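Open the model in your viewer and keep the sequence panel beside it. Each stop below says what to select and what is found there.

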Amino acid sequence: PMIALMEYFRRRSIHDHHASATLAVLVFALVFAKCFANGFEYITTALVMMATPFVYYSVRDGLPARRFIKGALVVACSAGLAVASSLVLLLFQIAAVKGSLLNGIQHIAWSLGRRTYGASSQYAAEYADSLKAGTFEVVSRYVTGPFLDLNNYVSTDSAFISDVVLKIRYLHLIALFLLASVFLYVRRNAAGDERGKHTALLAATWFSILAPLSWFVIFKAHSAVHTHMNFIAWQMPFVFFGGALCGLAVKIAMRTWRLPAGAPPAVS
């Protein structure tokens, strides 16, 4: 969905298409296809991902606040309708197996509670710990978790080097992206004609952090258990946008660099 909306707004003026019927149909079709293909796994993350291009192009092209709100409502309502339609389809599928719509509703409610904030007393013992886990505890686990563990490639006898130096954590990436953001904001005048694009990338990047956080917070119980797979949510798409920010910061820094007098020009 995110890639499709990136292409949609790349080819069209967001001023003319921020709340069009075509956009509404496209969002509905994309979200419904996602739910049909792989269910509701990482659904909140996928929805925030999809909205990131809308934020980027709105900021880049200076979409007025009223139009932005209208367009955001179109995207949100179309996505919500697609999720609701997928739930209705799932409801009838479950009812076909279990015999009634009520059984389908109960199954969906039970499954949602098991992955979010259901009462631990209503679930089997294997689900109790995840339901009792604190939201801050779960989010902290993912923030301080390893993005890249260089211990897989470098061996050392030092516990400090192994744990502090060779483990690049998501917290380190967040700090790096924040530094790049501050640098780009301070040097925004150096961007020239591309200032609007740089501001848009800043806005889209920090909006996109809501994608992984939405899953860690809303689907807290699922995240407490699935630490072997849920770190991928950071790449949906926050880490990629943050990497672009860092590359942009390096580009701006190199622009401000000047050769000493008499030095030959650098080769492009």
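Select S214. Is S214 buried or exposed? At 12% relative accessibility S214 counts as buried, because the cut-off for that label is under 20%. Bear in mind throughout that this is a predicted model. S214 belongs to helix 12, residues 210–218. Now show what surrounds S214: leaving aside neighbours within four places in sequence, S214 is in contact with T44, T45, V48 and F219. Add H198 to the selection and draw a distance between the C-alpha atoms. H198 and S214 are 16 residues apart along the chain, and their C-alpha atoms are separated by 25 Å.

Next, select Y42. This residue is in the loop between helix 3 (21–38) and helix 4 (43–60). Check the backbone here: phi of Y42 is near 55 degrees, a positive value in a residue other than glycine. Most residues other than glycine have a negative phi. Y42 is also buried, with a relative accessible area of 10%.

Go on to M236 and P237. What kind of peptide bond joins M236 and P237? The bond is cis, with omega at about -10 degrees. Most peptide bonds are trans. P237 lies in the loop between helix 13 (220–225) and helix 14.

Select F238 and F177 together and show the side chains. The structure holds 19 aromatic pairs. In the pair formed by F177 and F238, the ring centres are 5.4 Å apart and the planes stand at 75 degrees, so the pair is edge-to-face. The pair links distant parts of the chain, with F177 in helix 10 (residues 170–186) and F238 in helix 14 (residues 238–255), 61 residues apart. Both partners can be checked for exposure: F177 is buried at a relative accessible area of 3%, and F238 is buried at 1%.

Widen the selection to the aromatic cluster around this pair. Which residues form one cluster with F177 and F238? The other members are Y142, F147, Y170, W206, F216, F231 and W234.

Then select Y185 and R188. The charged end of R188 sits over the ring of Y185, 4.2 Å from the ring centre.

Move to helix 7, residues 125–132, and colour A128, S130 and L131, which are buried. Show helix 6 (101–115) and helix 13 as well, as the buried residues of helix 7 pack against these two helices.

Finally, clear the selection and view the whole protein. The secondary structure comes to 14 helices and 2 strands. Along the principal axes, the C-alpha trace spans about 85 × 60 × 25 Å. Of the 268 residues, 38% are buried. Colour by surface: the protein exposes about 15000 Å², and carbon and sulfur atoms supply 67% of that area. Among contacts with a separation of 6 or more, 70% are between residues 24 or more positions apart. Last, colour by charge. There are 23 positive and 12 negative charges, and the mean positions of the two sets are 9 Å apart.

Terms used: Residues are numbered from 1 along each chain as its sequence is written. This is a predicted model: local features need pLDDT of at least 70, side-chain atom pairs count only at pLDDT 80 or more; totals for chains, interfaces and linings use all residues. Side-chain values use heavy atoms; hydrogens and water are left out. Rings of Phe, Tyr and Trp (its six-membered ring) pair if their centres lie within 6.5 Å; planes under 30 degrees apart count as stacked, over 60 as edge-to-face and the rest as tilted. Helices (H or I, at least four residues) and strands (E, at least two) are DSSP runs, numbered from the N terminus. Buried means under 20% relative accessible area, exposed over 50%, partly exposed in between (1.4 Å probe, protein chains only). A charge sits over a ring if NZ of Lys or CZ of Arg is within 6 Å of the ring centre and within 35 degrees of the ring normal. Contact means heavy atoms within 4.5 Å. Accessible areas come from the Shrake-Rupley method with a 1.4 Å probe; for residues, only the protein chains shown count as cover. Lys and Arg count as positive and Asp and Glu as negative; His and the chain ends are not counted. The place of a charge is taken as NZ of Lys, CZ of Arg, CG of Asp or CD of Glu.
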